[in-house]
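I am opening a notebook on a structure that is new to me. I will write down each thing I look up, in order.

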Amino acid sequence: VLIAQSLGGNTNLRRLYVEDNNIQERGMRALYEAVNDTSTLNALSDGNHSCRLEGLSDDFDLDAINRDRGPNGLRTNRMIKIQKLMLERYRNGDGNVPHLNTEMSGECSVLLAPYLMDCVVRRHDDAFP
């Protein structure tokens, strides 16, 4: 859990391989959430998109959070995570409007809007070329 707490804001570490380290479920969840904090869109956007996390149990969708390859890797990783969160909210029946109304209030919310719109446009273009 202590490693996870420092991982959230660390942008220097590029890969963390944790398999065969006797990490319990609580520790695995903490590591996963450190690079994929889905509590709010702002938390997700501000999180660590530079570290590839490998070696967790199959209960964690590492493919969705480890998309950092290519010239726009970190930006793509952030975009995929935002799109995944929005899709999960939609599929759970919560929708995105109540969350966006809450999360997009305040002065700093405008900073996230371009990433949100870019995420939607790019994922649409990928799905419907």
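**Entry 1: the whole chain**

What share of the 129 residues of the protein counts as buried? I looked this up before anything else, and I found that 39% of the 129 residues count as buried. I note here that the model is predicted.

Next I looked up the surface. The protein exposes about 8200 Å², and carbon and sulfur atoms supply 51% of that area.

I then went through the secondary structure. It comes to six helices and two strands. Along the sequence I read the pattern α-β-α-α-β-α-α-α.

I also checked how far apart in sequence the contacts reach. Taking the contacts with a separation of 6 or more, I found that 65% are between residues 24 or more positions apart.

**Entry 2: the nonpolar cores**

As background, nonpolar side chains in soluble globular proteins tend to be buried together. I looked for such groups here.

The largest nonpolar core has 16 residues, and the members that touch the most other members are Leu7, Leu16, Leu31 and Leu56. I asked which helices supply at least two residues of this core, and helix 1 (2-7) and helix 2 each do. Helix 2 gives the most, with six residues.

Another core lies apart from this one. I count it at five residues, including Leu41, Leu44, Leu85 and Met86.

I picked Leu56 for a closer look. Leaving aside residues up to four places away in sequence, I listed what Leu56 touches: Val18, Met28, Leu31, Tyr32 and Leu62.

**Entry 3: the aromatic pair**

How many aromatic pairs does the structure hold? I found one. In this pair the ring centres of Tyr32 and Phe60 are 5.2 Å apart and the planes are at 45 degrees, so I enter the pair as tilted.

I then placed the two residues in the chain. Tyr32 is in helix 2 (residues 25-35) and Phe60 is in the loop between strand 2 and helix 4, so the pair ties together parts 28 residues apart in sequence.

Are the two residues buried or exposed? Tyr32 has a relative accessibility of 8% and counts as buried. Phe60 has a relative accessibility of 6% and counts as buried.

**Entry 4: salt bridges around Glu54**

As background, side chains of opposite charge can pair when their charged atoms come close. I looked up the pairs in this model, and the count comes to four salt bridges.

I started with Glu54 and Arg15. They form a salt bridge in which the closest N and O atoms are 2.7 Å apart. Glu54 lies in strand 2 (residues 52-54) and Arg15 in strand 1 (residues 15-17), so this salt bridge ties together parts 39 residues apart in sequence.

I compared the accessibility of the two partners. Glu54 is buried, at a relative accessible area of 14%, whereas Arg15 is exposed, at 52%.

Which other side chain meets Glu54 in a salt bridge? I found Arg52, with 3.3 Å from N to O. I also found this pair entered as a polar contact between the two side chains, at 3.3 Å. Arg52 lies in strand 2. Its relative accessibility is 15%, and Arg52 counts as buried because the limit is under 20%.

I put these entries together: Arg15, Arg52 and Glu54 are linked in a network of salt bridges.

**Entry 5: Lys84 in helix 4**

I moved on to Lys84, whose place is in helix 4. Lys84 forms a salt bridge with Glu88, and the closest N and O atoms are 2.7 Å apart. The side chains of Lys84 and Glu88 also make a polar contact, at 2.7 Å.

Where do Lys84 and Glu88 lie? I found both in helix 4 (residues 73-91), four residues apart, which is about one turn of the helix. Glu88 counts as partly exposed, at 34% relative accessibility.

I then asked what else Lys84 touches. Not counting residues up to four places away in sequence, Lys84 touches Tyr32, Asp61 and Ala64. Tyr32 was already in my notes, as a member of the aromatic pair with Phe60 and as one of the residues that Leu56 touches.

Definitions and conventions: Residues are numbered from 1 along each chain as its sequence is written. This is a predicted model: local features need pLDDT of at least 70, side-chain atom pairs count only at pLDDT 80 or more; totals for chains, interfaces and linings use all residues. Side-chain values use heavy atoms; hydrogens and water are left out. A salt bridge is a side-chain nitrogen of Lys or Arg within 4 Å of a carboxyl oxygen of Asp or Glu. Buried means under 20% relative accessible area, exposed over 50%, partly exposed in between (1.4 Å probe, protein chains only). Rings of Phe, Tyr and Trp (its six-membered ring) pair if their centres lie within 6.5 Å; planes under 30 degrees apart count as stacked, over 60 as edge-to-face and the rest as tilted. A polar contact is a pair of N or O atoms within 3.5 Å; within protein, one must be able to donate a hydrogen and the other to accept it, and residues adjacent in sequence count only if both atoms are side-chain atoms. Contact means heavy atoms within 4.5 Å. Accessible areas come from the Shrake-Rupley method with a 1.4 Å probe; for residues, only the protein chains shown count as cover. A nonpolar core is a set of buried Ala, Val, Leu, Ile, Met, Phe, Trp, Tyr and Cys residues joined through side-chain atoms within 4.5 Å.
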